[in-house]
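Subject: Structure for you to look at

Dear colleague,

I am handing over the structure we spoke about, and below it you will find my notes on what turned up when I went through it. Please read them with the structure open beside you.

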Amino acid sequence: MTDGFSVPGPTATGPLAASVARVAELADKLGMSHSEVFDVQKLSEASGVPADVVRALLDGRTAGEPDLQARFLQRFDLLRRTRLKANGRRYTQQEIADGAGMSRQQAGALINGDRRPTMEHCDAIQRFFKVHAGFLTADDADALDSALQRTEQSLLHDYAGDGDPLERLLQDHGVRGIAWRAAQLPTDKHRDKVTEWLDMLLESVKPAPDTPTEP
């Protein structure tokens, strides 16, 4: 246990556990406390996952709401509580309806759980509240994993400092992250594409050879 947070043990597997481990490692390298990078409330607001579920998932326990409708209602409620107007007040049903291009009755039915949302509803609401695609519908573990990946990218930027970000990424951290992601691809053909892309990228950042001087 570190700063009130325990990194998942050897029984915790999968993309979320891998992201947790990478973020924890980066935090250690940057001298940051785990309680800072794994702030449960901030991760809840970033992912839409309820705080108690965030804590359970971070501890490597099985948790989350399996029902899509229930997840939508949880996330929609969180958006209305945390994404406020400039004056600090919540958006009204009418303002949400106008911004999302639906009737006030449709917005009210979605907020109250009287109507199941379509993907069009979700996309419109996500655009209105300026959150990423999938915020309202992603599985809790996947949503938290995405939030941690955004944390990881921010930490990698800080860790790169004044050096070459790509070089630091490959040398100090990103090799494992890249390998993990490549392993999730369905076929060798997809992985070959990643290898080809990396070869091209590495070639583009190689220093130019010294130009020979004439005698």
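In what follows, two residues are said to be in contact, or to touch, when heavy atoms of the one lie within 4.5 Å of heavy atoms of the other. Please also keep in mind throughout that this is a predicted model.

With that meaning of contact, Leu-148 is a good place to begin: leaving aside residues up to four places away in sequence, Leu-148 touches Leu-16, Ser-19, Val-20, Val-23, Phe-38, Leu-43 and Leu-58. Leu-148 also belongs to the largest nonpolar core, which has 22 residues, and is listed with Phe-38, Leu-43, Val-54, Leu-58 and Leu-144 as having the most contacts inside that core. The elements that supply two or more residues to this core are α1 (15–30), α3 (40–47), α4 (51–58) and α9 (140–160), and of these α9 gives the most, with seven residues. Apart from this core lies another one, of 19 residues, which includes Phe-76, Ala-107, Ala-124 and Phe-128. As general background, nonpolar side chains in soluble globular proteins tend to be buried together.

As for the overall fold, the protein has eleven helices and zero strands, and of its 215 residues 33% are buried. Among contacts between residues at least 6 apart in sequence, 64% join residues that are at least 24 apart. The accessible surface comes to about 12800 Å², and 52% of that surface belongs to carbon and sulfur atoms.

Helix α1 can be described in some detail. The helix has 16 residues and reaches 22 Å from its first C-alpha to its last, which is close to the 22 Å expected at 1.5 Å a residue. Its buried residues are Leu-16, Ala-17, Ala-18, Ser-19, Val-20, Arg-22, Val-23, Ala-24, Leu-26 and Ala-27, and the helix is followed by Gly-31, whose phi is positive, near 70°.

The search for salt bridges across the whole structure finds six, and I describe three of them here.

One is within α1, where Lys-29 forms a salt bridge with Glu-25, the closest N and O atoms being 3.5 Å apart. Both residues lie in helix α1, four residues apart, about one turn of the helix. An α-helix has 3.6 residues a turn, so residues three or four places apart point the same way. Lys-29 is partly exposed, with a relative accessible area of 35%, and Glu-25 is likewise partly exposed, at 25%.

Another salt bridge joins the side chains of Arg-61 and Asp-59, at 3.6 Å from N to O. Arg-61 counts as partly exposed at 47% relative accessibility, and Asp-59 counts as partly exposed at 28%.

The third joins Arg-75 and Asp-140, whose closest N and O atoms are 2.7 Å apart. This pair links distant parts of the chain, since Arg-75 sits in helix α5 (residues 68–82) and Asp-140 in helix α9, 65 residues apart. Is this pair buried or exposed? Buried means under 20% relative accessible area, and therefore Arg-75, at 0%, counts as buried, as does Asp-140, at 2%.

With best wishes

Methods
Residues numbered from 1 in each chain as written. Predicted model: local features only at pLDDT ≥ 70, side-chain atom pairs only at ≥ 80, totals over all residues. Heavy atoms only, no water. Core = buried A, V, L, I, M, F, W, Y, C linked by side-chain atoms within 4.5 Å. Buried < 20%, exposed > 50% of the residue type's maximum accessible area, 1.4 Å probe, protein only. Areas by Shrake-Rupley, 256 points an atom, 1.4 Å probe, with all protein chains shown as cover. Salt bridge = Lys/Arg side-chain N within 4 Å of Asp/Glu carboxyl O. Expected span 1.5 Å × (residues − 1).
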